[in-house]
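Thanks for making the time, everyone. I would like to walk you through one model, and I will try to keep the terms clear as I go.

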Amino acid sequence: MMHKRYTKEQCTAAEAQRLAQEIAFGPVVFQVSRLMLKFGIFQLLADKREGYTLQEISGRTGLTRYAAQVLLEASLTIGTILLEEDRYVLAKAGWFLLNDKMARVNMEFNHDVNYQGLFHLEEALLNGRPEGLKVFGEWPTIYEGLSQLPEQVQKSWFGFDHFYSDQSFGKALEIVFSHHPKRLLDIGGNTGRWATQCVQYNKEVEVTIVDLPQQLEMMRKQTAGLPGAERIHGHGANLLDRDVPFPCGFDAVWMSQFLDCFSEEEVTSILTRVAQSIGKDSKVYIMETLWDRQRYETASYCLTQISLYFTAMANGNSKMFHSDDLIRCIENAGLEVEEIQDNIGLGHSILQCRLK
């Protein structure tokens with residue numbers, strides 16, 4: 001796929017010119033399309049195949065004729081709606097924005113979490129720090145400030161994170177528990193979503209989450225009262241401190257959508273300490289969305305764009321991995337990849353590793 005898509009020109013000259021203008025007006029296109037959703041115009045057109053006139057759309061949405069007109073005319077040239085005589089109807093792209101859950105999650109994430117901060121992307125690239133994060137607060141990374149972000153920003157951040165991970169958990173549980181672990185270490189376990197799945201899937205397993213103390217506090221609140229919560233434990237640690245060892249004695253170590261939060265140097269440090277904490281029979285499972293191993297090109301496109309969230313907002317130095325880069329970190333840490341399983345959920349891969 002990569003050879004076919006990324007080594008040869010895909011556009012005619014006219015298509016390339018159009019794409020250049022779409023890029024130049026990208027922020028406008030984004031906000032117009034977001035508001036077509038928010039004001040219910042796409043839904044109106046979906047509910048009536050023959051469409052509505054400008055006046056009818058204005059009346060049904062409560063927008064002024066002018067407001068409805070500028071949104072509709074922009075959307076017409078964007079390609080999300082069509083015009084049949086004097087009536088606007090929904091186009092395929094508008095249908096996907098309305099009905100594709102992934103598109104909605106991505107749009108909310110980009111508007112609430114990234115949009116203002118991306119203005120500072122240039123600074124972030126030059127300074128190696130998440131310079132866009134200052135629109136919300138003064139933290140070194142978004143993870144320290146996650147519990148203090150505005151409510152809507154938190155909602156979109158967790159909605160984005162959980163949407164992608166939740167689709168993968170069913171198959172992931174089968175893979176991990178095929179080796180019957182009794183004690184599982186969940187590094188970067190966040191709110192305990194995976195740990196909760198584990199203790200409900202297997203009635204004997206004990207799960208220990210290693211994460212920042214403030215994340216563990218959020219985890220305890222999220223898991224309180226849930227079945228199996230008494231078998232979920234917390235171990236507070238600064239995962240970036242090279243001198244902080246990981247707990248020992250676990251049959252399996254799990255990391256999900258975690259290592260993409262760090263630079264390659266930091267990833268190698270984390271995995272080195274994982275290698276130091278496990279035995280020869282222990283399994284290490286790393287679940288990531290590797291942009292070069294996607295079934296569909298659209299997924300690769302989304303993932304490489306998401307990398308810039310890490311640059312501008314999250315930490316300033318990480319990205320969605322190309323598999324070659326992640327495997328190099330694994331091997332440099334004293335581990336080796338036993339098996340890779342792709343196409344899990346919405347495009348995750350699980351790398352099963354062991355000590356060299």
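**Domains, one helix and the cores**

In this predicted model, the centres of domain 1 and domain 2, taken over C-alpha atoms, are separated by 41 Å. The domain assignment, whose bounds come from an automatic or database source, gives domain 1 as 4-99 and domain 2 as 167-294 + 318-355.

A word on the ground rules: residues are numbered from 1 along each chain as its sequence is written. Local features need pLDDT of at least 70 and side-chain atom pairs count only at pLDDT 80 or more, while totals for chains, interfaces and linings use all residues, and side-chain values use heavy atoms, with hydrogens and water left out.

Let me turn to helix H7, residues 92-99 (helices are DSSP runs of H or I, at least four residues, and strands are runs of E, at least two, numbered from the N terminus). Which residues of H7 are buried? They are Gly94, Leu97 and Leu98, where buried means under 20% relative accessible area with a 1.4 Å probe, protein chains only. Seen down the axis of H7, these residues fall within an arc of 95 degrees, so they line one face of the helix; the arc is taken from the directions from the helix axis to the C-beta atoms.

Finally, the largest nonpolar core, meaning buried Ala, Val, Leu, Ile, Met, Phe, Trp, Tyr and Cys residues joined through side-chain atoms within 4.5 Å, has 57 residues. Its largest share, 7 residues, comes from helix H16, residues 297-314. A second, separate core of 23 residues includes Phe169 and Cys198.

Leu259 is among the residues with the most contacts inside the largest core, and, leaving aside neighbours within four places in sequence, Leu259 is in contact (heavy atoms within 4.5 Å) with residues including Ile286 and Phe321.

Terms used: Buried < 20%, exposed > 50% of the residue type's maximum accessible area, 1.4 Å probe, protein only.
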